Structure formats: structure tokens, C-alpha cells
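Got the fold open in your viewer? Let's go through some of the labels people attach to it and ask what backs them up.

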Amino acid sequence: DETMHILMGGLQQNTSVTSLQLACNKISDIGVRRLAQCISKKENTLKVLSLSDNQINNEGIQYIASALSANQSLTRLDVSLNNIGDQGTIQLFDSIAVNQSLQYLNVSCNQITQASVAALVACLKRNKTLNELNLS
């Protein structure tokens, strides 16, 4: 998480990085909070973000969800293979419903149940940019 803090400090100063692959780095909710602060900035240029196979729980995905409400550059998000449950997934879907840039979302291999289906349906009705969704 200290590494995330340092990395995000550098990323905030960079306008050329458009893809960030952070899979398999044991990033926790604390590290994700710093990342979310970075991607919620107007000048953020990231288009692709992979957080697959980390240690992200409901708290961490809520930070990402909040950032997605403001972010208009991210087109691909992979949060597969984490520990995200219905509470976090519902907030994520609610944010994506109003997001106008995300085209691809991978939430596979998390702890998502039928309790998230209503939020997913509402998201899909409102969002006009998402064209690929992985719920495996």
C-alpha cells in the first residue's frame, strides 16, 4: 500500500500513461483508496485499469465506484478475482449506470450473488457505453 501511494503520486503527474496493469500485487482497500483519488481527477488519462487478483473487498470497490462517477476517461476496468461481495458490487453498478466512458467491465470470480441482479439491470438500462461485461 505504501508502494501504491508512491506510484499514484507519480501517475498524477503523468499525462501519457493510458493503461495500468496492477494484477496480482496484493493491493488492499487502502491502496485502492489512493488509486481512486488519482482516477477521479479531471486530468487523469487512464483508459485501461486492471486490478485483477488482488485483495480488494467491498470497501475498496466503493472507492473505485465513487471515482467512476467522476471519471470520464476509463474505458476498461478489470476487478476480477478479488473479494468483492454484493454490497460493493451494487455500488459499483450504481456508479457505472451514470458513467459515460466505461465500455468493458470484468467482475468475474468475486462473491457476487443474485442480490446484485436488480442493480445490474438498472445499470444496463441507464448506461449507454458498456458493451462487454464479464460476470463469470
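**What backs up the labels**

Q: Why is Ala119 called buried?
A: The cut-off for buried is under 20% relative accessible area. Ala119 comes in at 10%, so it counts as buried. Keep in mind that this is a predicted model.

Q: Where is Ala119, and what does it touch?
A: Ala119 sits in helix α5, residues 117–126. Leaving out residues up to four places away in sequence, Ala119 touches Ile90, Phe93 and Asp94. As for Cys24, it is 95 residues from Ala119 in sequence and 28 Å away in space, going C-alpha to C-alpha.

Q: What makes Lys26 exposed?
A: Exposed means over 50% relative accessible area. Lys26 has 64%, so the label exposed fits. You'll find Lys26 in the loop between β1 and α2.

Q: Why is Leu81 called partly exposed?
A: Partly exposed is the band between under 20% and over 50%. Leu81 has a relative accessible area of 42%, so it falls in that band. Leu81 belongs to the loop between β3 (76–78) and α4 (86–98).

Q: What is the phi of Lys26, and what is the phi of Leu81?
A: For Lys26, phi is near 55°, a positive value in a residue other than glycine. Leu81 isn't a glycine either, and its phi is positive at about 60°.

Q: How do you know that helix α2 is largely enclosed by the rest of the structure?
A: Count the buried residues: eight of the eleven in α2 (residues 29–39) make it, so the helix is largely enclosed. The buried ones are Asp29, Gly31, Val32, Arg34, Leu35, Ala36, Cys38 and Ile39.

Q: What do the buried residues of α2 pack against?
A: They pack against two helices, α1 (2–12) and α3 (58–70), and two strands, β1 (19–21) and β2 (48–50). Leu35 of α2 is one of those buried residues. Setting aside neighbours within four places in sequence, Leu35 is in contact with Met4, Met8, Leu20, Leu22, Leu49, Leu51 and Ile64.

Q: What makes a group of residues a nonpolar core, and how many residues has the largest one here?
A: The members have to be buried residues from a nonpolar set such as Leu, Ile or Met, joined through side-chain atoms within 4.5 Å. The largest core has 35 residues. Leu35, Leu49, Leu51, Ile64, Leu77, Leu92 and Leu105 have the most contacts inside that core. Helices α1, α2, α3, α4 and α5 each supply at least two residues of the core. In soluble globular proteins, nonpolar side chains tend to be buried together.

Q: What is the order of helices and strands along the protein chain?
A: Reading along the sequence, you get α-β-α-β-α-β-α-β-α-β. That's five helices and five strands.

Q: How do you know that the protein chain is as compact as a globular protein of that length?
A: Put its radius of gyration, 14 Å, next to what the globule rule gives for 136 residues: also 14 Å, so the chain is as compact as a globular protein of that length. Along the principal axes, the C-alpha atoms fill a box of roughly 40 × 30 × 20 Å.

Q: How many of the contacts in the protein chain join residues at least 24 apart?
A: Among contacts between residues at least 6 apart in sequence, 87% do.

Note on methods: Residues are numbered from 1 along each chain as its sequence is written. This is a predicted model: local features need pLDDT of at least 70, side-chain atom pairs count only at pLDDT 80 or more; totals for chains, interfaces and linings use all residues. Side-chain values use heavy atoms; hydrogens and water are left out. Helices (H or I, at least four residues) and strands (E, at least two) are DSSP runs, numbered from the N terminus. The radius of gyration is taken over C-alpha atoms; the globule rule is 2.2 Å times the number of residues to the power 0.38. Contact means heavy atoms within 4.5 Å. Buried means under 20% relative accessible area, exposed over 50%, partly exposed in between (1.4 Å probe, protein chains only).
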